[in-house]
Amino acid sequence: LAVGRISKDPSLDLGHRLDYVVLQEECKTSRALVRFVDFGKISSAFIGPLNPGFCEVATFLGENWNKAIFSWMCINYKLDSTIHHPTFARTLPSPTRVLFTIMKYFYWANVGIIASNEDIWMDTANKLASALRSQGLPVSIVTSVRKGEKGIEDTWNEIKEVDGIRIILLCMHSVLIGGEEQATLLTKALEMGLADGRYVFVPYDTLLYSLPYQNNSFNIFDNDSKLQEAYDAVLTITLASGERTFYDAFREAKESGEITRDLEATQVSPLFGTIYDAIYFMAMAIDSARRKGVRISGANIAEHTKNFSFPGFSHQVETDNCGKGLSDYVILDTDGHGNQLFPTHLLDMSSDSVKSLGRAIHFPSGGPPKPDLSCWFDPDVLCTGG
């Protein structure tokens, strides 16, 4: 869809016909990396990789081949140095930056991370931990979900033994788009009395797309009162929708005949929109480089991602004069018993600030977890004495 629209877009001058090939990324990190080495001969630029576990190595290979890499999933904080990684560009604001901004607003510094047991999520959890630690935050525990009901119980017992955790990041598929493991994990937390408001649970993967929340019911809560109650302890952070949600944009593309697959919008992951935006983002960078009259190379394309503004799949995509993403995010909350999510706060990424939208967050215990000391968020002050 993106390539088709780019080829018809009169405002873009790419100098080449854009075509794509879908490169199957292996699930195991080591095998994915070996496959990636072979991709160098196939493509002129890359949208991906999906696994943060080999982002740095893939970026070094990209530099060696002089091919740009556009990724929304790579959270390796070292990649943000354009001096060291000139062919790498982010197509979304860094999820770490989004999380840090929210944690600073609520003064929740102490973090625990639980990952799904697959390479991609365990690597995501480890890279996320090192990115948050690089900001000076204490990540007390990084663990993965063990198998079976007893295993999930053990996972929560391990978390329980760590003092002071305020916020638990869940690196796995969101229950709102079919993630069964997250549903089981949250339900078990409720049964063990851990969804009582002492922690705030934050799903990680909703940071990577625009979850349709306006006028949308999440039927997964309708027949599962336990999950509904457990989700009261969850805050969902996602890209703010524009005037249309992901579902609206998908239906429009279907009605216009651009999407011919017989799929309902609700059967498609909103990650579709993120990938679409990433491809358009790359086309904008090529166009920008050509307008400046520079040779099209990996480093030149990645360099020309500044001061963008273009309509993405379901919201406006913008970057600042350093190439950092400016898309807004929202914090979504349930009211503890319905099947809808309501926006409570807006994250303005142009100023790294959080604004209340006038609706209070519904915490299970009536109030938020205890705040941590502000010294955690002040780069010039050392936290001492706890």
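Good morning. I begin with one residue, Leu263, which is partly exposed, with a relative accessible area of 24%. The model in which we find Leu263 is a predicted one. Leu263 sits in the loop between α9, residues 246-255, and α10, residues 271-291. What does Leu263 touch, once residues up to four places away in sequence are set aside? The answer is Phe250, Lys254 and Val268. For one of these, Phe250, we also have a distance: Leu263 and Phe250 are 13 residues apart along the chain, and their C-alpha atoms are separated by 9.8 Å.

Let me now step back to the chain as a whole. How many helices and strands does the protein chain have? There are 11 helices and 13 strands. The radius of gyration is 21 Å, close to the 21 Å that the globule rule gives for 386 residues, so the chain is as compact as a globular protein of that length. Taken along the principal axes, the box filled by the C-alpha atoms is roughly 60 × 50 × 40 Å.

Of the 386 residues in the protein chain, 53% are buried. The accessible surface comes to about 17400 Å², and carbon and sulfur atoms hold 49% of that surface. Turning to contacts with a separation of 6 or more, 66% of them are between residues 24 or more positions apart. As for charge, the chain carries 35 positive and 47 negative side chains, and the centres of these two sets lie 5 Å apart.

A word on annotation. In an unreviewed entry, UniProt lists residues 1-336 under "domain: Receptor ligand binding region". In the model, the chain over residues 1-336 is 37% helix and 13% strand. The end C-alpha atoms of that stretch are 38 Å apart.

I turn next to a buried residue, as a contrast to Leu263. Leu239 lies in strand β8, which spans residues 236-239. Is Leu239 buried or exposed? Leu239 is buried, because its relative accessible area is 1%, and a residue under 20% counts as buried. Beyond the residues up to four places away in sequence, Leu239 touches a list of residues that includes Leu92, Thr206, Tyr209, Leu211, Tyr213, His315 and Tyr329. Ser210, Ser327 and Asp328 are also among the residues that Leu239 touches. Leu239 and Ile47 are 192 residues apart along the chain, and 19 Å separates their C-alpha atoms.

Our next residue is in another strand. Ala45 belongs to strand β1, and at 23% relative accessibility Ala45 counts as partly exposed. Which residues is Ala45 in contact with, leaving aside its neighbours within four places in sequence? They are Ala68 and Met282. Ala45 and Ile69 are 24 residues apart in sequence, and their C-alpha atoms are 6.1 Å apart in space.

Following strand β1, residues 45-47, comes a loop that leads to α3, residues 55-65, and Pro49 is found in this loop. The peptide bond from Gly48 to Pro49 is cis, with omega near -10 degrees. To place this in context, most peptide bonds are trans, and most residues other than glycine have a negative phi.

That second point brings us to two residues with a positive phi. Asn66 lies in the loop between α3 and β2, residues 68-71. The phi of Asn66 is near 55 degrees, although Asn66 is not a glycine. With a relative accessibility of 32%, Asn66 counts as partly exposed. Where is Tyr107 placed? Tyr107 is in the loop between α4, residues 95-106, and β4, residues 111-115. Tyr107 has a positive phi of about 60 degrees, and Tyr107 is partly exposed, with a relative accessible area of 35%.

My last residue is Lys306, in the loop between α11, residues 298-303, and β9, residues 309-311. Lys306 is partly exposed, and its relative accessible area is 32%. Apart from neighbours within four places in sequence, Lys306 is in contact with Thr319, Asp320, Asn321, Cys322 and Gly323. Lys306 and Thr187 are 119 residues apart in sequence, and 44 Å apart in space from C-alpha to C-alpha.

To close, I return to two leucines. Leu263, in its loop between α9 and α10, is partly exposed, whereas Leu239, in strand β8, is buried. Thank you for your attention.

Conventions
Residues are numbered from 1 along each chain as its sequence is written. This is a predicted model: local features need pLDDT of at least 70, side-chain atom pairs count only at pLDDT 80 or more; totals for chains, interfaces and linings use all residues. Side-chain values use heavy atoms; hydrogens and water are left out. Helices (H or I, at least four residues) and strands (E, at least two) are DSSP runs, numbered from the N terminus. The radius of gyration is taken over C-alpha atoms; the globule rule is 2.2 Å times the number of residues to the power 0.38. Buried means under 20% relative accessible area, exposed over 50%, partly exposed in between (1.4 Å probe, protein chains only). Contact means heavy atoms within 4.5 Å. Accessible areas come from the Shrake-Rupley method with a 1.4 Å probe; for residues, only the protein chains shown count as cover. Lys and Arg count as positive and Asp and Glu as negative; His and the chain ends are not counted. The place of a charge is taken as NZ of Lys, CZ of Arg, CG of Asp or CD of Glu. UniProt positions are given in the numbering used here, feature names are shortened, and annotations may be inferred rather than shown by experiment.
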